[in-house]
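Student: Hi, could you walk me through this structure? I'm new to this, so plain words please.

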Amino acid sequence: MIEFGKILNWTMTDNVLSVEFEKNNMTISVLTDEIINVFVPLWAKEHYSKAVEESDLERVLRKGRSANAVFNSEKSCIELSTAKIKAVICDGGYVDFYDLSGKEISKAYRGERVSRRTIGIFDMELLAAEGHDTTGLLNIQRPVEDVRVVDSDEPIYGLGDKSGFLNKRSYEYENWNTDDPSAHTEQFRSLYKSIPFAICKKPEYAYGLFYDNTFHSYFDLAKENASYMAYSADDGNLDLYFIGGGNIPAVVGNYTLLTGRAPLPQLWTLGYHQCRWGYSNAKDITEVAEKFRELDIPCESVQYDIDYMDGYRVFTWNEKDYGPAGELFEKLRLKGFKPVVIIDPGTKREEGYFMYEEGTKNGYFFRNADDTEDYVNAVWPGDSNYPDFGRKAVRDWWGEHVNSLTDMGVMGIWNDMNEPASFKGPLPEDVIGYDEDRKTTHRELHNVYGHYMSKATYDAMKAHIGKRPLVITRACYSGSQKYTAVWTGDNQSLWSHLQMMIPQLCSLGMCGFPIAGVDIGGFGGDTTPELLCRWIEAAAFSTFFRNHSANGCIRQEPWQFGTEVVDIYRKFVKLHYRFLPYIYDLMHEEQENGLPVMRPLVMHYEDDPVARDLNDEYLVGEKILVAPVVNQGERVRKVYLPEGTWYSLWTGEKHEGRRYFLEEAPLDHMPVYIKAGSVIPVYEEMQYVGEKPLDKLTLITAPGGGSFVHYQDGGEDLSYLEGNYNLYRFSVDENKDLTAELLNEAKTVPQYEKIRVVSI
Ligand code: GLC
């Protein structure tokens, strides 16, 4: 708990209110009319933010703000008003937020924390000695804390990749990037990423709370007590961004305005990818690639897991098993396959190995707490050092090696094990690293290790290849979306993990990560034909669309399970490719509005009580609703459609929303619906992006007439940033007559030769 005491003094300069309390100071900065930062410098005077970069802040501040503070002597509070929100700062350091009509949005909780737990028979010391995690069993007092009142039924969303369900109320979580390969259940408190951002939804107002602090932090989301949610941390500052907006899309828009938005990816990266830890030689990779073509299942890459390295030494190539990289890449390139390789940060300690030699000589690795030696732990190659990515010199060094890979022809980098993983116990918190020039410890840097590794990779690739980089990461922090796509790490071939995919990807999307995916079929464990079919169906609209499995488990390519599975698999990979222009349009829109491709229903139907807790359906943008079967043996799907009129993608059957109904769902069928009035762009069939010119577009229309803004560019380079793209507005009236307007004309991207309208 932070002690404040009474307000002694305050000043307001431009948009910053500085308040001196008896025992602490606080600054409240108005960034926009809807984004207010509350900062208590408990650990450092600076924010040292990794999520909010200077460039983002400048952009946010340029949006304009006007704020005005007055002292309310009756209540002994300072009232700070923007054009949309009022923050009231009171004795005791309590900060409350209201809308301008005086309606309460988020109030500081003023009482004692009262746990619903009873300790009873637990002997904590004994439990701890037996290795149990006892931290959640008591109310631990931590130096950084913010406790806020929530309504008795206020749902809470967000927190990135955390396991469990969409509505995170009544659960507790930790932000400490964790590589735990056991089956992720809804009781898991931490996974690979730390995204300390929660979205709360009151009946009339949605708002966000972003606690920007990279130290180990904790969220108790009305679990301990139904009347409040509590944020706490082991160290760092209280650095809270209150994010208003009123509705969920506006809150997500504001959060991504603050922390940055994912840049537009290359079109092919949104296609299908195949992977396996254990494609252990050139023959294996080539045969898998060729089989996709032979079976007419579209595919962009067969990715290279750690097997391609020489003895798991990062930035090396196992020529013995894979032959010369250039030859293999070229052979596969001719068939449309793009090389994507895994990179791990752990660098093998071995005399004569160039990465070890360079890193050691230049002092690029983490150091032991006493600063006498480089810190050693173990990962795949055995004893390893950890590059200190917080420093630009180290990122640049790493980037040069990334460039050597792209020079060889590599087109995408998949960063793994960057929590960082460590096989000989966790890295001690006092291991020394740097945040640029500032010496600090792993305690501060742990949660941003993957963030900085992604930044190193992205910056190098962007400068070197002159194209939009494909970077994928397992670990990251808020704001990493500027550099990298994400996947959810080591799931398993479990129905419960297929079920969890939907809330997990929707939550990542609500936290600014629009390019996200899971290992289709499940990474660990053995998949079944039925599970694989339902998984490829359910993931068909995901933006990082990859089947991946672990060495030692049964192989997971669709043809391992017979022709029925191959046919179903092909149908849904083709469905994904058909809708690629729509997915790409949503990525284009995301640059403006920060909204993801895959969205929970609650994002657009906030007031619908069914939508607020719906875990087994999702929206693709606003126009498509997907209701996959995620239960073993189920052949009839209970579908819920929200308000409006919807049409089955497959049969055109009309359904009125705000009700449940049953739809037959044999193994080869996934219910998909299009909203009335939609105009949705689709492509013709293709084996891979680049196979043929994308010069024909089809517009699927659902009755009602409507319009859609469609984006078209070269799909790879950065010239779109200078306006080299075509932007069309397609309007279709009740008679299906099309009007096309060109809103922007590209310099070098040819417009469509043919546009066809089909009704659903
Ligand atoms: C980690 C990754 C997994 C990868 C494996 C071997 O477990 O999460 O995707 O296949 O390491 O590199």
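Tutor: Happy to; we can talk about the ligand, a strand, the cysteines and some backbone angles. This is a predicted model, where local features need pLDDT of at least 70, side-chain atom pairs count only at pLDDT 80 or more, and totals for chains, interfaces and linings use all residues. Residues are numbered from 1 along each chain as its sequence is written, and side-chain values use heavy atoms, with hydrogens and water left out.

Student: Cool. Which residues come nearest to the ligand?

Tutor: Of the 13 residues around the ligand, the nearest are D305, D416, R474, D490 and H548. Being around it means having a heavy atom within 4 Å.

Student: And how far is an oxygen atom of the ligand from an N or O atom in the side chain of D305?

Tutor: That distance is 2.5 Å for D305, and for R474 the ligand oxygen to side-chain N or O distance is 2.8 Å. A polar contact is a pair of N or O atoms within 3.5 Å. Taken alone the ligand exposes 310 Å², and the protein buries 98% of that; such areas come from the Shrake-Rupley method with a 1.4 Å probe.

Student: New topic: how many disulfides does the structure hold?

Tutor: The count is 0, where a disulfide is a pair of cysteine sulfur atoms within 2.5 Å. Take C476: the nearest cysteine sulfur belongs to C511 and is 10 Å away.

Student: Is C476 buried or exposed?

Tutor: C476 is buried, at 0% relative accessible area. Buried means under 20%, exposed over 50%, and partly exposed in between, using a 1.4 Å probe and protein chains only.

Student: Which way do the residues of strand β12 point?

Tutor: E172 and E174 point one way and Y173 and N175 the other, and all are buried. Strands are DSSP runs of E, at least two residues long, numbered from the N terminus. In a regular strand, side chains alternate between the two faces of the sheet.

Student: What does β12 pair with?

Tutor: Its partner is β16 (residues 217-221), in the antiparallel sense over 4 bridges; pairing requires at least two DSSP bridges. Y173 has F219 as its bridge partner in β16.

Student: Last one: where is the cis peptide bond?

Tutor: The cis bond joins E419 and P420, with omega about 0°. P420 sits in the loop between β25 and β26. M417 lies in the loop between β25 and β26 too, and has a positive phi of about 55° although it is not a glycine. Most residues other than glycine have a negative phi, and most peptide bonds are trans.

Definitions and conventions
A polar contact is a pair of N or O atoms within 3.5 Å; within protein, one must be able to donate a hydrogen and the other to accept it, and residues adjacent in sequence count only if both atoms are side-chain atoms.
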